[in-house]
Amino acid sequence: MSAAVLIVAAGRGKRAGSVLPKQYTLLAGETVLSRSVGAFASHPAISQLLVVIHPDDMGQYEAAVAKSQARLRPPAFGGATRQDSVRAGLQALKRDAPQLVLIHDAARPFVTSDLIDRVIAALASNSGAIAALPVADTLKQVGAGGIVRGTVNRAGLWRAQTPQGFDFTAILDAHEAAFAAGRTGFSDDAAVAEWAGIDVVLVAGSERNLKLTTEADLEMAERLLAAPAPLPAAALRTGLGLDVHRFAAGDHVWLCGVRIPHSARLEGHSDSDVALHALTDAILGAIGDGDIGEHFPPGDPRWRDAPSRLFLADACRRVTARGGRIANVDITILCEAPRIGPHRAAMRAEIASILDIQPEQVGVKATTTEGLGFTGRGEGIAALATAAIELPQRGAGVLPTSA
Ligand code: MG
């Protein structure tokens, strides 16, 4: 099924300190109206879009919809009230004779494709369907002086959102009949439909489908857009790595990608950076992708004296290839010497740079073993590491979701 969309953008409400109506406010570089139009313009079931605007806003309107021209009808001019504006828009859509129409407030730019789908699907068997959410807060009746007079039973109470979808002819007739009868003051189209005797059903709305009305709403919308997009249904994985290398004659060791002068070197095939080896295994463990020896066999001449950052960078690439991201890594180095503290900041910065994360996401610690065991006797260095990784979950697309 396809539907036409009517977006109501004729309001005059302005943001504090702005000369433009709120629907032309920029949110992270794009106007509220452009975001609302874009949400429908990119939906495959939308056959045509028409925006109702104020005649004074033609310039702003054209700038806002410049990138959504396809399927966009010339705008209609709104009237004194929302009800007048919707009626004007429906009359302008008459020439397209759509079977269904979704009516949407421009001030809800975060409408999602899922929500549009739900409204259209409900119209297959109903003449009216609106997005709505149950009332979660307790409702108070307040009298003079701000004194609470009573508590309203919220059972059966819902908050209506848009889009609100209807059989096109039914809602056009309802609006025209309301106008002819002098009925004004309906605050949404479902109210006009109810007055006309059209059954309206509810579909699940979305908390994210905010209506941007107050300054605080606009600020919240800006924060929402500034936040990094959450991974869809990410699963947190952890991995553990452990490595040991013995000392041999030499004058420096590599630890966490940093060259440290020392009275011995660590023996091994690569640069023997025991800490980066443990960390590489922790990351590979978290994504269930073998271990360092499997990907970089010790007998392979290509890895002779290789810098271990290559191994770590490869593990990081395997995380990225799965759509994952590293939440944090943590390393403990076990040795009597060299001292790690003076190099800690450089080590964290080096690992952060290899993994393309922030130093705050990297822990580097060291401990002696009180003179006990092989590390206590100064025979070598051991390192332990953990990694926490967010991975998108397989099949997340079929999980039920309210957003
Ligand atoms: Mg090793």
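In the predicted model, the magnesium ion is coordinated by three residues: Asp-243 through OD, His-245 through NE2 and His-277 through ND1, at 2.1 to 2.3 Å. Along the chain, the donors of the magnesium ion follow the spacing D-x1-H-x31-H. Both Asp-243 and His-245 are buried.

An open sheet of 7 strands with mixed pairing is arranged in the order β5-β4-β1-β6-β10-β7-β11. Strands β5 (76-77) and β11 (200-204) stand at the edges; each has a single partner strand, so one side of each is left without a neighbour in the sheet. Within this order, β7 (residues 128-134) and β10 (residues 158-167) are paired in the antiparallel sense over 6 bridges, and Pro-134 stands opposite Trp-158 in β10. Helix α5 (residues 168-180) packs on the sheet, where α5 touches β6 and β10, and the direction of α5 makes about 110° with that of β10. Helix α4 (residues 113-122) lies across β1 (3-9), β4 (46-53), β6 (100-105), β7, β10 and β11. The angle between α4 and β11 is about 150°.

A further set of strand pairings involves β16 (residues 325-334). This strand is joined to β18 (residues 380-392) by 9 bridges, the two strands running antiparallel; the bridge partner of Leu-334 in β18 is Ala-382. Strand β16 is also joined to β17 (residues 362-367), in this case by 6 bridges and with a parallel orientation. In β17, Gly-363 is the bridge partner of Asp-330. The connection from β16 to β17 passes through helix α11 (residues 344-355), and the resulting β-α-β crossover is right-handed.

Helix α11 also packs with helix α10 (residues 309-321), at an angle of about 45° and with the axes 9 Å apart. Helix α10 is therefore oblique to α11, since angles from 35 to 65 degrees are neither roughly parallel nor roughly perpendicular. The contact is made on the α10 side by Arg-309, Leu-312, Ala-313 and Cys-316, and on the α11 side by Glu-350, Ser-353, Ile-354 and Leu-355. Helix α11 thus appears both in the crossover between β16 and β17 and in the packing with α10.

Terms used. Residues are numbered from 1 along each chain as its sequence is written. This is a predicted model: local features need pLDDT of at least 70, side-chain atom pairs count only at pLDDT 80 or more; totals for chains, interfaces and linings use all residues. Side-chain values use heavy atoms; hydrogens and water are left out. Two strands pair if DSSP finds at least two bridges between them. Helices (H or I, at least four residues) and strands (E, at least two) are DSSP runs, numbered from the N terminus. A crossover is right-handed if, with the strands pointing away from the viewer, the path from the first strand over the helix to the second runs clockwise. Donors are N, O and S atoms within 2.8 Å of the metal (3.2 Å for Na, K and Ca); water is not among the atoms, so sites may look incomplete. Buried means under 20% relative accessible area, exposed over 50%, partly exposed in between (1.4 Å probe, protein chains only). Contact means heavy atoms within 4.5 Å. Axes are lines fitted to C-alpha atoms, for helices over the stretch in contact, and angles run from 0 to 180 degrees between N-to-C directions. Angles under 35 degrees count as roughly parallel, over 145 as roughly antiparallel, 65 to 115 as roughly perpendicular and the rest as oblique.
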